[in-house]
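Trainee: I would like to learn how to read a model of this kind, feature by feature. Where should we begin?

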Amino acid sequence: LARGGAESDLAGRHVVVSAGGTREYLDPVRFLGNRSSGLQGYALARAAVSRGARVTLVSANVTLAAPAGVDVVAVETTEQLRAAVLAATAEADAVVMAAAPADFRPTNRSENKIKKAADGSAPALELEQNPDILAEISHHRARAGQVVVGFAAETGDASGSVLELGRSKLARKGCDLLVVNDVSGGAVFGSERNDVVILAADGDAVDVPEGSKVSVAHAIWDAVAPRLA
Ligand code: CTP
Ligand code: CA
């Protein structure tokens, strides 16, 4: 295990971690979802407990067992995730947004199951944008000195490399740290391993050696701990 920090460097701290992917319902049985196993968020929660923290884990549609010693709040939609994260964050020393919130939701949610049309036509989906939770908690800190961490899964495109996109996302979101993941090819989804760079608003960049999601979790807490107020 690659560990820089002390065994109990999060003792007396309350941290909030979000995990999983949100679902936005079209009707009672169908949803638009975001792909996320929740493995990295759960590993973060477990690692924080092992370093002495009190942990609230806001968990969206994850099938993993609740980690021992963690307060789990189950949510489904991005609005529910927002409400739970904001409530838990009011008293938190650090917040890590490892969840993948769906960016859009159907403008209308049908009360009844949508039926197929007899003529074979498909319904048009009207979508609206969900609130940006990370930007909100970053720009309106519940406590002075609260450390806010975001994740970015990027593939890189014509507008920039994975790291360039990460730098501009970090600035746009206003968080302290951004954990940037290169997901070209979809390799990390559901995988036990991860390969990330942790970018800091103060200019720092830590290239975390490829490893288990647990070792990546500890690298993230190693970056958070010295920044705590
Ligand atoms: N995030 C959030 N609320 C949203 C969307 C994203 O809090 N509605 C958080 C994620 O939990 C993650 C970070 O923002 O920590 C970056 O997510 P990402 O999807 O990369 O950012 P977006 O701003 O949605 O940008 P993109 O258009 O690339 O999806
Ligand atoms: Ca997004």
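Mentor: Begin with a single residue and place it in its element. Alanine 94 lies in strand E6, residues 94–97. Bear in mind throughout that this is a predicted model.

Trainee: Is alanine 94 buried or exposed?

Mentor: Count the C-beta atoms around the residue; 20 or more others within 10 Å make it buried. Alanine 94 has 27 other C-beta atoms within 10 Å, so it is buried.

Trainee: Which residues does alanine 94 touch, leaving out those up to four places away in sequence?

Mentor: Alanine 94 touches Arg13, Val15, Gln146, Val147, Val149, Val224 and Leu228. As for distance, alanine 94 and tryptophan 221 are 127 residues apart in sequence, and their C-alpha atoms are 9.8 Å apart in space.

Trainee: Two of those names, Val224 and tryptophan 221, make me want to look at helix H5. Which residues of H5 are buried?

Mentor: Lys213, Val216, Ala217, His218, Ala219, Ile220, Trp221, Ala223 and Val224 are the buried ones. That is nine of twelve residues, and H5 is mostly covered.

Trainee: How do I check the length of a helix?

Mentor: Compare the distance between its end C-alpha atoms with the span expected at 1.5 Å a residue. Helix H5, residues 213–224, reaches 16 Å from its first C-alpha to its last, close to the 16 Å expected. Helix H2, residues 78–89, also has twelve residues and should span 16 Å; its end C-alpha atoms are 16 Å apart, which agrees.

Trainee: Which residues of H2 are buried?

Mentor: In H2 they are Thr78, Leu81, Arg82, Ala84, Val85, Ala88 and Thr89. Thr78 is also one of the residues around ligand 1.

Trainee: Which other residues are around ligand 1?

Mentor: With Thr78, the shell consists of Met97, Ala99, Pro101, Asp103, Asn130, Asp132, Ile133, Leu134, Gly150, Phe151 and Ala152. Helix H3 (133–139) and strand E9 (147–154) are the elements that give two or more residues to this shell. Strand E9 gives the most, with three residues.

Trainee: How many residues of each class are in the shell around ligand 1?

Mentor: The shell has seven nonpolar, three polar and two charged residues.

Trainee: What should I look for in the backbone angles?

Mentor: Look for exceptions to the usual sign of phi. Most residues other than glycine have a negative phi. Asparagine 61 has a positive phi of about 60° although it is not a glycine. This asparagine 61 is in the loop between strand E4 (54–60) and strand E5 (70–75). With 20 C-beta neighbours inside 10 Å, asparagine 61 counts as buried.

Trainee: What does a partly exposed residue look like?

Mentor: Its neighbour count falls between the buried and exposed limits. Proline 106, in strand E7 (residues 104–106), has 17 C-beta neighbours inside 10 Å and counts as partly exposed. Beyond four places in sequence, proline 106 touches Glu24, Leu26, Leu125, Glu126 and Leu127. By contrast with those contacts, the C-alpha atoms of proline 106 and serine 212 are separated by 36 Å.

Trainee: Where is leucine 165 found, and what does it touch beyond four places in sequence?

Mentor: Leucine 165 is found in helix H4, residues 162–173, and touches Glu154, Gly156 and Gly160. Leucine 165 is partly exposed, with 17 other C-beta atoms within 10 Å. The C-alpha atoms of leucine 165 and valine 180, 15 residues apart along the chain, are separated by 9.1 Å.

Trainee: How do I then read the protein as a whole?

Mentor: Start with the inventory, then turn to overall dimensions. There are five helices and 14 strands in the protein. Its radius of gyration is 18 Å, close to the 17 Å that the globule rule gives for 229 residues, so it is as compact as a globular protein of that length. The C-alpha trace spans about 65 × 40 × 35 Å along its principal axes. Of the 229 residues, 38% count as buried.

Trainee: What share of the contacts with a separation of 6 or more comes from residues 24 or more positions apart?

Mentor: Such pairs account for 66% of those contacts.

Trainee: Which scores describe the predictor's confidence?

Mentor: The mean pLDDT of the protein is 93, and 95% of its residues reach 70 or more. The model scores ipTM 0.98 and pTM 0.94.

Key: Residues numbered from 1 in each chain as written. Chains lettered and ligands numbered in written order. Predicted model: local features only at pLDDT ≥ 70, side-chain atom pairs only at ≥ 80, totals over all residues. Near = placed C-beta within 6 Å. Nonpolar A, V, L, I, M, F, W, Y, C, P; charged D, E, K, R; others polar. Expected span 1.5 Å × (residues − 1). pLDDT = per-residue confidence, 0-100. Rg over C-alpha atoms; globule rule 2.2 N^0.38 Å. Contact = placed C-beta atoms within 7 Å.
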